Amino acid sequence: TEQTLVLIKPDGVQRGVIGDVISRIERKGLTLAALELRTVTTEIASEHYAEHAERPFFGSLLEFITSGQIVAAVVEGPRAIAAFRQLAGGTDPVEKAVPGTIRGDFGLETQFNLVHGSDSPESAAREIALWFPSLNS
Ligand code: ATP
């Protein structure tokens, strides 16, 4: 079994799709090892997105991620990392994500793409330690 860090970003919370996203996770057969509604400090957000620090959209990405409540979750199951990325769809909700995925169904703009899911076992370990330091798996 594998764990992945899932975020429902502020746009997802504001749009009222927390239940829908969690329902998709559960219907897929994945389970929740941790689940929390919280607001994010700029410090955590910039550590989370450290790989994008030099990108032109970094400032506005941090502003967006810290703009409201988010849901942070640790999602678990066989191939959980790839399975959640399949549910999420591609980064660009129109050009990459297809209908039937979270981003394909609910998103219009790349920045406001509703959810995050870790992209590798290394990222998952790093992100779970960052968001849920008290969770030892
Ligand atoms: P995430 O890491 O959130 O799961 P991802 O792995 O699909 O998304 P990344 O390329 O890692 O995509 O980008 C991280 C996040 O930065 C995206 O989810 C999106 O919110 C934002 N982002 C990426 N590219 C752009 C862009 N060109 N313009 C604005 N925001 C962007």
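**Group meeting: a walk through the predicted model**

Let me start with Arg85. Arg85 has 19 C-beta neighbours inside 10 Å, so it counts as partly exposed. The cut-off for buried is 20 or more. Keep in mind that this is a predicted model.

Where does Arg85 lie? It lies in helix H5. What does Arg85 touch, once residues up to four places away in sequence are left out? It touches Gly117 and Asp119. Hold on to those two names. Gly117 and Asp119 are also among the residues that surround the ligand.

Now the ligand itself. Around it sit Phe57, Leu61, Thr91, Thr110, Gln111, Asn113, His116, Gly117 and Asp119. By class, that shell has 6 polar, 2 nonpolar and 1 charged residues.

What does the record say? UniProt, in an unreviewed entry, places the feature "binding site" at Lys9, Phe57, Arg85, Thr91, Arg103 and Asn113. Phe57, Thr91 and Asn113 are among the residues around the ligand in the model.

Take Asn113 next. Its place is in the loop between H6 and E4. Buried or exposed? Asn113 counts as buried, because it has 25 C-beta neighbours inside 10 Å. Leave aside its neighbours within four places in sequence. Asn113 is then in contact with Thr91, Pro93, Arg103 and Gly107. Of those contacts, Thr91 and Arg103 also carry the UniProt "binding site" feature.

Next, the strands. Strand E1 covers residues 2-8, and 6 of its 7 residues are buried. Which strands pair with E1? One partner is E3, residues 70-77, antiparallel, over 7 bridges. There, the bridge partner of Leu7 is Ala72. Another is E4, residues 115-117, also antiparallel, over 3 bridges. In E4, Val6 has Gly117 as its bridge partner.

Stay with Val6. Not counting residues up to four places away in sequence, Val6 touches Ala73, Val75, Phe84, Val115, His116 and Gly117. His116 and Gly117 belong to the ligand's surroundings as well.

That takes us to the core. The largest nonpolar core has 26 residues. Which residues have the most contacts inside it? They are Leu5, Val6, Leu7, Val75, Phe84, Ile102 and Val115. The elements giving two or more residues to this core are E1, E3 and the helices H2 (18-28), H5 (80-88), H6 (102-106) and H7 (121-131). As background, nonpolar side chains tend to be buried together in soluble globular proteins.

On to helix H6, where Phe106 lies. Phe106 counts as buried because it has 20 C-beta neighbours inside 10 Å. Buried begins at 20, so Phe106 is right at the cut-off. Beyond its neighbours up to four places away in sequence, Phe106 touches Arg15, Val17 and Leu114. How far is Leu87 from Phe106? The two are 12 Å apart, C-alpha to C-alpha, and 19 residues apart in sequence.

Last residue: Thr31, in strand E2, residues 31-38. Thr31 counts as partly exposed, because it has 13 C-beta neighbours inside 10 Å. Its contacts, again without residues up to four places away in sequence, are Glu76 and Gly77. From Gly16, 15 residues away along the chain, Thr31 is separated by 21 Å between C-alpha atoms.

To wrap up: Arg85 is partly exposed. Asn113 is buried. Gly117 pairs with Val6, touches Arg85, and is one of the residues around the ligand.

Note on methods. Residues numbered from 1 in each chain as written. Predicted model: local features only at pLDDT ≥ 70, side-chain atom pairs only at ≥ 80, totals over all residues. Buried ≥ 20, exposed ≤ 12 C-beta atoms within 10 Å, placed from the backbone. Helix = DSSP H or I, 4+ residues; strand = E, 2+ residues; numbered from the N terminus. Pairing = 2+ DSSP bridges. Core = buried A, V, L, I, M, F, W, Y, C linked by C-beta atoms within 7 Å. Contact = placed C-beta atoms within 7 Å. Near = placed C-beta within 6 Å. Nonpolar A, V, L, I, M, F, W, Y, C, P; charged D, E, K, R; others polar. UniProt positions renumbered as here; feature names shortened; annotations may be inferred.
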